[in-house]
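Visitor: I should like to take a close look at a single part of this assembly, namely the contact between two of its chains. Please describe it in one connected account.

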Number of protein chains: 4
Amino acid sequence: MSSLWNNRISISLFGESHGTAIGVVIDNLPPGESIDLEEIARFLARRAPKKDGTTTSRAELDIPQIMSGLYHNKTTGTPLCAMIMNTDTHSVDYSNLSKLARPGHADYTGALRYRGFNDVRGGGHFSGRLTAPLCFAGAVCGQILERRGIYTGAHIASIHGIKDAVFDRTNVTKEDLLAVRYKGFPVINTEQGEKMREDIQNARLGQESLGGIIECASVNVPAGIGSPMFDGLENTISQLVFGIPAVKGIEFGAGFLTGEMVGSQNNDEFYVDENGHVKTRTNNHGGILGGISSGMPITLRVAIKPTPSIARPQATVDYSAMKNEVVNIHGRHDPCIVPRAVPCVEAAVNLALLSHMLDYPNFT
Amino acid sequence: MSSLWNNRISISLFGESHGTAIGVVIDNLPPGESIDLEEIARFLARRAPKKDGTTTSRAELDIPQIMSGLYHNKTTGTPLCAMIMNTDTHSVDYSNLSKLARPGHADYTGALRYRGFNDVRGGGHFSGRLTAPLCFAGAVCGQILERRGIYTGAHIASIHGIKDAVFDRTNVTKEDLLAVRYKGFPVINTEQGEKMREDIQNARLGQESLGGIIECASVNVPAGIGSPMFDGLENTISQLVFGIPAVKGIEFGAGFLTGEMVGSQNNDEFYVDENGHVKTRTNNHGGILGGISSGMPITLRVAIKPTPSIARPQATVDYSAMKNEVVNIHGRHDPCIVPRAVPCVEAAVNLALLSHMLDYPNFT
Amino acid sequence: MSSLWNNRISISLFGESHGTAIGVVIDNLPPGESIDLEEIARFLARRAPKKDGTTTSRAELDIPQIMSGLYHNKTTGTPLCAMIMNTDTHSVDYSNLSKLARPGHADYTGALRYRGFNDVRGGGHFSGRLTAPLCFAGAVCGQILERRGIYTGAHIASIHGIKDAVFDRTNVTKEDLLAVRYKGFPVINTEQGEKMREDIQNARLGQESLGGIIECASVNVPAGIGSPMFDGLENTISQLVFGIPAVKGIEFGAGFLTGEMVGSQNNDEFYVDENGHVKTRTNNHGGILGGISSGMPITLRVAIKPTPSIARPQATVDYSAMKNEVVNIHGRHDPCIVPRAVPCVEAAVNLALLSHMLDYPNFT
Amino acid sequence: MSSLWNNRISISLFGESHGTAIGVVIDNLPPGESIDLEEIARFLARRAPKKDGTTTSRAELDIPQIMSGLYHNKTTGTPLCAMIMNTDTHSVDYSNLSKLARPGHADYTGALRYRGFNDVRGGGHFSGRLTAPLCFAGAVCGQILERRGIYTGAHIASIHGIKDAVFDRTNVTKEDLLAVRYKGFPVINTEQGEKMREDIQNARLGQESLGGIIECASVNVPAGIGSPMFDGLENTISQLVFGIPAVKGIEFGAGFLTGEMVGSQNNDEFYVDENGHVKTRTNNHGGILGGISSGMPITLRVAIKPTPSIARPQATVDYSAMKNEVVNIHGRHDPCIVPRAVPCVEAAVNLALLSHMLDYPNFT
């Protein structure tokens, strides 16, 4: 399966960028959970294009319609389907792309995989637009988790090398996460954010695009969820996060830096705090040991490549004629996808956490 | 499931470090594939402890016994089970660990997950020893892939900041991979390897341990395998790679560096080569676009944390009594797990690739 | 998962009888398959209520809208979502049912399973209405199979003990299957069909309902598809068929009669026919040996219980108050669900067959 | 996958009749469950050949060795692997079978499925011997269920038309189930059992074999476990039961008889009993409504075909030479597999029930 993720919860994503609709079926949600649709709209709005020149000018209202699984605003426990109609589609912009492989895009690989039958308009099923139903699903899971005190938040850690402040991996709180959640530009340090925005504007004007890194943290995850081997939290989260187009790397806790460390530096010593809770003095393990939560904040960082669609001519191939060509990409594109990917990372983490929480003996 | 990975091929791993045996059941292998058991032994020997002071002194012959699924040295297509008996076990060394959470280990999280019933001797099911059956499975898949020209190889990219040479992501060949495969210490640059070994020796003497990074590449993977969303090559490989204990990060192609790039730098331009094959001039995408292989080498890097077991006293908790304690870890441990993790990463990639190859229309 | 079936193809069903819509997401269909939507409408029409007094008078046009996965009427290979809006819903009829467990229905068990939060209007997710998207998915698969010569057809084998003629298990042909497919009342023997219809009319007048048996056959399935143990054709078909509400039994080939046989009676002797094909002289095995197709027609029979909704008063419990009560079911109900279940059984078999066919080495 | 069943619990079966060993890996068992290995041996002994002429004379001690997952006789929660070495194998008996398709066997279909590479000695992976690890897994699950009061028992309902008494579907008790469990010949009515045994002896002498029917019941299953659609109790049980070779049909509650009934006959009226429990006055639904348990006994019947191996000459094909031949089956075979299949059916039901019980909110 490509677009089905089947764990304790499953999500089946569908849709193409310029097809009739995109959406998701979520199966095995716990019954009786109140879902605040306005809160979900706010979550989706964080992923929607902005009017400030940092994103595509495509207008996506992206109001999800609930087709099933909610009754009196509570989950029924049977599959919840949400759908977003595609309205503002300019297919003409993409007409000459059908045989030219846009560098960095899945045009060529998708054509091979689907033997030329996939809908290529606007990227089709490979479009970043498919992260909207992913965010919907993650927002639903987030509400269920937050009711149990578990909060997940992400921010832009850097764009094109310009760095934001970082979460304190050991002591990050729910308040830290909420402080950045509804900012128009999700950074901790507003000044650094301004530099990033400027850099994005310049990139747009210069027919360029920018990559970046997202940092995400989850707090109050009870210790003991997850499993060793292939169904641990790291496995699950990474499988989902790589479902977000443009992700090229993921690390947990101190991540790649642990490769430069010695054991006594990296090991996080345990202690019992004044409330009798087991904690660690540092959190290089990112809240996960042996695939299982330790009770410390779960922290991860995700690398996002620059948007492949740039307005300058690029050498490429016409993969139907198998000859060298030059492609000029018109259409509307984000000069930097990082800000809009922030809620997508949160969504993926929410899905992974709720799925594992359903195995938690005291989940109610 | 924790220890079951269920894709087109499935593997069900079992065993504890000091239990009766460890092993694996592999289901859905293609029938009629010749398996060279001596070659598999060589693969496993790369993971086995060395006599040169860089690894644990535990002697593990690790000769896998085939219980089913092979007939006249060919796969039958029905489940292949291989088992390794545990023989050289010194449980007494671990007796005082049962209630003290070793920092960086899964003792505490495992005890919560399994409500105190898991076998903690030698790390139990969380032990690095479980990578032996993973390597067995990966070695079997590797032989099936190599018969079709697909080769995977890995090397130590760095240990504690000391760097090896790197694979040429764009042009790496089967010969490059084989050149490093059977070296006692798997580095490209022998001199740098010597520095690493020295560093490991010093770490051992100083009761320390070291982390590092592994680079892996696969060549001749046909373009068009994998899928978008949740069953792409990156999703699958990362889900498996995080099954190797001590992995804290993974990146594909230019990985985290893409976050510092602009689009025109990161985009890999396509061209048709003199043989009429589609290629890219650079390979920042690491051979994967939209979850699907592009035909370019698949490349990835994996971060390995320092072995958590170090001989110096460490502050921790007794999680049964919930009080602060000091733990002294005796026993035999690797001062650096990175060299032995090299074939494990290859194994994980082999499993992912063969599993996706089974969907390839021309697979025979 | 309840409503997700995840094999080589997956289907994720959603919806409630009186919710906004019902539908299905089908993942991993082969790309490039032409889908004839009018033919699908004909398939669905066979499941729709009839105007002849044998079914409910609820008018369901059930025109499925394609939301994704079809492009120029060909499958894209990415998820195909189809949706049917719910329009003709009379919720008021069901208002007093919310706490009275209708005998034979899932009201009580569903309330426990979903802790009282499931949408009970019209049976909610348990409604027979959910077989419409199942039929849609089965009709899509059927077209893909028929293009390869594989035909599946079913008929009413009996209603309330009145028996139709039977398929010749050994020699049934595509023509036999098509001969009954588009009959208004799907029986082989029209006279017997008339008796059944009369019986159904009488049942309706007498505030009763009737059960029956459906026989199904698939021809030209190549030998060698399926697997032993848990992923054989019988396992897969039965798992899907029990997804149709009211099914209480399934048997393959001679089925329960084999329990009364001796070996020399039951064993089907093999022979090579004049065209060099391996066949069996009888077909008690129903085309499946060891979970794998033999090349002979696949045959099965399915038991359908009488519609539980009958108009006469029935003793039951109010499961909220936990006291004995009497329930009077109003609303519109089928006095016999068997005729409408005929295409549902075909749909389930089509799904199972196409899913296994995707593993067939020569599938193109 | 063929031999992997992956639900809340997974089992991965491996082995061939004349290979090195057969066995099973069970993943996701709850931790801390005491397992009585002697009780498991008794369970397996019920499946083992008898010395009374009703079964094969092959001596199978079938002592399972525990390789992992048990520690101090309690489940660890990590994968439990059990293995049975194959010792008493007479491969010579089967040498001429490798190209002659034994009627009723999977020789021909297996050869196609596995392209001639499967191990055919003694039926290989298709052998009834593979039910030993299935029984092991079912016995483990049974002990976990019985600790919670849930008992499953089966008996021979009929052999070759000679009928045993039946369980009272509505009132069957744990005592009824235990009364038949350890009988050498598992029937309720000993006299009828004697007739069956005589019939089996005659069949053996007459180079024949006999089919039969098994009835199974589970008591004290709490109401509310299971799901609608594809993951209901009927779906799960039937998927597992068809994993037992020779099964050709399954029905729940009144099963195929419901097809001859009217609604008022078939509907089971609910009532609140003197202890305040919801029950039904009859149990035609076999304890399952909408895929979910009602709290009434779960009852099912399974059809077992006559052993295909009979000693008389049979017409067949040599599928390598594609010509008509006669096969003479020597070796040791059960004239009737039904008695030995009784614990296999129980095992399948235990697996299904425990798997669903793990979702039960109050499972501890």
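Guide: A polar contact is here a pair of N or O atoms within 3.5 Å; within protein, one of the two must be able to donate a hydrogen and the other to accept it, and residues adjacent in sequence count only if both atoms are side-chain atoms. By that criterion, 44 residue pairs, with both residues at pLDDT 80 or more, are in polar contact between chain C and chain D. The model is predicted, with an ipTM of 0.96 and a pTM of 0.96.

As to extent, chain C contributes 96 residues to the contact, and chain D contributes 96 residues. The two chains bury about 7500 Å² between them, and 63% of that area lies on carbon and sulfur atoms. In chain C, the residues that lose the most area to chain D are Phe230(C), Lys248(C) and Phe256(C), which together account for 12% of what that side buries.

Lys248(C) also takes part in a salt bridge: its side chain meets that of Glu234(D) at 2.8 Å, N to O. Between chain C and chain D the count of salt bridges is two. Strand E11 of chain C, residues 247–252, supplies six residues, the largest share of the side of chain C that touches chain D. By class, that side has 45 nonpolar, 37 polar and 14 charged residues.

Strand E11(C) also pairs across the interface. Its partner is strand E11 of chain D, residues 247–252, and the two run in the antiparallel sense over three bridges. Within this pairing, Gly249(C) stands opposite Glu251(D) of E11(D).

The pair belongs to an open sheet of ten strands with antiparallel pairing, in the order E9(C)-E8(C)-E10(C)-E16(C)-E11(C)-E11(D)-E16(D)-E10(D)-E8(D)-E9(D). Strand E9 (162–163) of chain C and strand E9 (162–163) of chain D stand at the edges with a single partner strand each, so one side of each is left without a neighbour in the sheet. On the chain C side, that partnership is formed with strand E8 of chain C, residues 151–159, which pairs with E9(C) in the antiparallel sense over two bridges. There, the bridge partner of Ile159(C) is Ile162(C) in E9(C).

How values were computed. Residues are numbered from 1 along each chain as its sequence is written. Chains are lettered from A and ligands numbered from 1 in the order in which they are written. This is a predicted model: local features need pLDDT of at least 70, side-chain atom pairs count only at pLDDT 80 or more; totals for chains, interfaces and linings use all residues. Side-chain values use heavy atoms; hydrogens and water are left out. Contact means heavy atoms within 4.5 Å. Buried area is the accessible area (1.4 Å probe) that two parts lose on being put together, summed over both. A salt bridge is a side-chain nitrogen of Lys or Arg within 4 Å of a carboxyl oxygen of Asp or Glu. Helices (H or I, at least four residues) and strands (E, at least two) are DSSP runs, numbered from the N terminus. Ala, Val, Leu, Ile, Met, Phe, Trp, Tyr, Cys and Pro count as nonpolar, Asp, Glu, Lys and Arg as charged, and the others, Gly among them, as polar. Two strands pair if DSSP finds at least two bridges between them.
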